[in-house]
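Here is a walk through one protein structure, written for someone who would rather be at the bench. Have the sequence and the 3D view open as you read.

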Amino acid sequence: MKEISKGKKEEMRKIACFAYDHTQYYNKLYKKCGINPYDVNIPYGLPIIDHSVLIDNPYEIKSDLKMYKLCASSGTILSPKIMYRTYDDFEKSVINEIELLRMSGVKEGDTVAIIQPFGIWGYGEITQEAVRRYGAVAIPLWNIDDERVLQMLIMNNVTVLDVSPSRLINILQIAKETDQLTALNIRTAMCAGEAISENTIKKIEAMYNMKLYSQYGCEELDGLGGTDDTGKMRLFTDDFIFEIWNEEQNRPCDIDEVGSLLVTSLYHRGSPLIRYNLQDLVRMGRDGFEILGRKSECVVLYDSVKIFPYQIDLCIQEVFQDTVNWQCCITEDDGKIVITIKLVVNDISVEKRDEAVRKLEKCSIDINELVLCQKIIFQIDIIDDEDYFMVSGKGRKIIDMRK
């Protein structure tokens, strides 16, 4: 990321001082670390905040301001992260969502189907209010089954979807199977909640004659940015400070280096988050900002060696240009770890499979060493049935079937 400007450092200091003065958590943490936020080095003098604080200490991280609403993460059912919002927090998040609508080509008078979580999860309410202010019509369809969603899209002449990629694919597949594709009038789909590859975007756009935009955000901080007509990710750098951090070496990442994303919100005061580790693996390359996936999605293969979804995705997208989705299954056979990549592609030649396996074997130095000592084996399994991946909700990319 770019060096943080002097002005942004001062804004970061202000939110750190606010958190110190108005929350129990930061007051105790900074005192314990011997930090005075009024004169500490910004940003590196401030501690990195782990995501677990919103599970373990949600009330202590809550400020003493008047609260407007409570939100929670939908990803962890048994121990969700809890966040509090002031009215100003909510207002600013709505303003950013309006900007995402604009970036996604939404027009006044559009009908927008919001197929995203409502209720305590909060995202749907932000989008619904943004759509209202934008002059469009909002139809909330999150907790309705996909067959009924399809009928609602047709009956109400929906032109814009706010949806997760996996659910979008499932709805379109149902429309295809029931010969209702021509009855749809969807011009734009704003995809959030899951990573979606450039190849997948291009294939869906070509197959279904719609434009796809990726939106990036999280329950903890709401909208963080999105893609525009150029396809490049644009982050809301006026409202957030982003750092890409090498956790193993405790330093900022270099250009093209993969690291964990630390985010500081300059406006959230209900539950301030300063140098918050979002648990996302990202990279700032010369061509722009890339979101590679969640740290929690990795699997330990052997003796602390891990494999991440982004490593697999980069390999198969280089070889199989026409693939939309894939899944990795890890099993064990005769003392060896077998990593099977299942995908649907047109080109099933032996040459392509061998090329993909070679790339997977070298996706990291540690993994390549395990291949050379015959601890792990990669293989490609071509799936004929498109329905294999067409599931509603967030699909698991790596499934560890070892006991």
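What follows is a look at salt bridges, a pocket, the cysteines and a few single residues in this predicted model.

## Salt bridges within a helix

The model has 21 salt bridges in total, and a few are worth a visit. Start with Lys8 and Glu11, whose side chains pair up with an N to O distance of 3.0 Å. Both residues sit in helix 1, which covers residues 6–22. They are three residues apart, or about one turn of the helix. Lys8 counts as buried because its relative accessibility is 18%, and the cut-off for buried is under 20%. Glu11, with 32%, counts as partly exposed.

A second pair of this kind turns up in helix 6 (residues 123–134), where Glu129 and Arg133 are four residues apart, again about one turn of the helix. Their closest N and O atoms are 2.8 Å apart, and the two form a salt bridge. Glu129 is buried at 17% relative accessible area, while Arg133 is partly exposed at 34%. This pair also has company: Glu91, Glu129, Arg132 and Arg133 are joined in a network of salt bridges.

## A salt bridge between two helices

Asp146 and Arg167 make a salt bridge too, with 2.6 Å from N to O. Here the partners come from distant parts of the chain, 21 residues apart: Asp146 belongs to helix 7 (residues 146–155) and Arg167 to helix 8 (residues 165–177).

Are these two partners buried or exposed? Asp146 has a relative accessibility of 5%, so it counts as buried. Arg167 is at 7% and therefore counts as buried as well.

## The second largest pocket

Next, a pocket. The second largest one has a volume of about 770 Å³. Its lining is made up of 25 residues, and those closest to the pocket centre are Glu248, Val258, Phe308, Tyr310 and Gln311.

Which elements supply at least two residues each to this lining? On the strand side they are strand 10, strand 12 (258–265), strand 13 (276–285) and strand 16 (305–307). Helix 10 (309–319) and helix 12 (365–372) do so as well. By residue type, the lining of the second largest pocket splits into ten nonpolar, seven polar and eight charged.

## Cysteines

If you are wondering about disulfides, the count is zero. Take Cys71: the closest cysteine sulfur is in Cys218, and at 11 Å from the sulfur of Cys71 this is too far for a bond. A disulfide would need the two sulfur atoms within 2.5 Å. Cys71 counts as buried because its relative accessibility is 5%.

Cys373 is in no disulfide either, with its nearest cysteine sulfur, that of Cys363, 14 Å away. At 46% relative accessibility, Cys373 counts as partly exposed.

## Two aspartates in loops

Asp110 is in the loop that runs between helix 5 (87–103) and strand 3 (111–115). Its relative accessible area is 6%, so Asp110 is buried. Leaving out residues up to four places away in sequence, Asp110 touches Gly105, Ala136, Val137, Thr159, Val160 and Arg187. For a sense of distance, the C-alpha atoms of Asp110 and Ala195 are 25 Å apart, with their positions 85 residues apart in sequence.

Asp239 is a loop residue too, found between strand 9 (233–235) and strand 10 (240–246). With 13% relative accessibility, Asp239 counts as buried. Its contacts, again without residues up to four places away in sequence, are Lys92, Asn96, Thr264, Ser265, Leu266 and Tyr267.

## Back to helix 1

One last stop is Lys9, in helix 1. Lys9 counts as partly exposed because its relative accessibility is 24%. Setting aside neighbours within four places in sequence, Lys9 is in contact with Glu3, Ile4, Ile42 and Pro43. The C-alpha atoms of Lys9 and Asn41 are separated by 9.2 Å, and these two residues are 32 residues apart along the chain.

Technical notes:
Residues are numbered from 1 along each chain as its sequence is written. This is a predicted model: local features need pLDDT of at least 70, side-chain atom pairs count only at pLDDT 80 or more; totals for chains, interfaces and linings use all residues. Side-chain values use heavy atoms; hydrogens and water are left out. Buried means under 20% relative accessible area, exposed over 50%, partly exposed in between (1.4 Å probe, protein chains only). Contact means heavy atoms within 4.5 Å. A salt bridge is a side-chain nitrogen of Lys or Arg within 4 Å of a carboxyl oxygen of Asp or Glu. On a 1 Å grid over the protein atoms alone, a cavity is a set of points where a 1.4 Å probe fits but cannot get out, and a pocket is an open set with protein on both sides within 12 Å along at least five of seven lines; lining residues have an atom within 4 Å of a point. Grid points are joined across faces, edges and corners, and a volume is the space filled by probe spheres set on the points. Ala, Val, Leu, Ile, Met, Phe, Trp, Tyr, Cys and Pro count as nonpolar, Asp, Glu, Lys and Arg as charged, and the others, Gly among them, as polar.
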